[in-house]
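Subject: Structure handover

Hello,

I am passing on the structure we spoke about. Please have it open while you read the notes below.

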Amino acid sequence: MNVANLQLEGLLMAVASINQVLVRKGLVSVEEIDIALRKAEACETGEERSGGMSASSRDAVNFPIRLLELANQCQPEADMPSFSKLARMVGQMKEPYNDQM
């Protein structure tokens, strides 16, 4: 596997873990993190950003955001699912883009 991919996996899991700590400490809520991630995804799937992108490129850009959204839905007291389990869940929740109809 590409070392950069492994580094991104580690980074994503670190951010997910930090998000859980922030929620546990009451600094932010699950809902606030969810809103921030949804805004990020909306910016990345907007026509200005992704107008010329293929669906697979948009999926690649949105993958980390969607993985963090799923990790955010885990209860702060629960164990974080593994990267591979979260990645599988991202693939299962993927919806088609409007231009794929």
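What follows is a short account of what was found in it.

Please keep in mind that this is a predicted model.

Overall make-up. The protein chain contains 5 helices and 0 strands, so its pattern along the sequence reads α-α-α-α-α. The chain has 101 residues, and 30% of them count as buried. Among contacts with a separation of 6 or more, 62% are between residues 24 or more positions apart.

The core. The largest nonpolar core consists of 13 residues, and Leu-12, Leu-37, Leu-67, Leu-68 and Leu-86 have the most contacts inside it. Two or more residues each come from α1 (3-24), α2 (30-45), α4 (55-73) and α5 (83-93). The most is given by α4, which supplies 5 residues. One of the core residues named above, Leu-37, touches Ile-65, Leu-68 and Glu-69, leaving aside residues up to four places away in sequence.

Ile-35 and Glu-69. Helix α2 also holds Ile-35. This residue has 47% relative accessibility, which lies between the 20% and 50% limits, so Ile-35 counts as partly exposed. Its C-alpha atom is 9.4 Å from that of Glu-69, although the two are 34 residues apart along the chain.

Packing of α4 and α5. These two helices pack at an angle of about 110 degrees, and their axes are 9 Å apart. An angle from 65 to 115 degrees counts as roughly perpendicular, and α4 and α5 are therefore described that way. On the α4 side the contact is made by Phe-63, Arg-66, Leu-67, Glu-69, Leu-70 and Ala-71. On the α5 side it is made by Phe-83, Leu-86, Ala-87, Met-89, Val-90 and Met-93. By type, the residues of this contact are 10 nonpolar, no polar and 2 charged. Leu-67 and Leu-86, which belong to this contact, are also among the residues with the most contacts inside the core.

Cysteines. The structure has 0 disulfides. Cys-43 has 54% relative accessibility, and because this is over 50%, Cys-43 counts as exposed. Cys-74 has 16%, which is under 20%, so Cys-74 counts as buried.

That is the full list from my side.

Regards

Terms used
Residues numbered from 1 in each chain as written. Predicted model: local features only at pLDDT ≥ 70, side-chain atom pairs only at ≥ 80, totals over all residues. Heavy atoms only, no water. Disulfide = S-S within 2.5 Å. Buried < 20%, exposed > 50% of the residue type's maximum accessible area, 1.4 Å probe, protein only. Core = buried A, V, L, I, M, F, W, Y, C linked by side-chain atoms within 4.5 Å. Helix = DSSP H or I, 4+ residues; strand = E, 2+ residues; numbered from the N terminus. Contact = heavy atoms within 4.5 Å. Axes fitted to C-alpha atoms, helices over the stretch in contact; angles between N-to-C directions. Parallel < 35°, antiparallel > 145°, perpendicular 65-115°, else oblique. Nonpolar A, V, L, I, M, F, W, Y, C, P; charged D, E, K, R; others polar.
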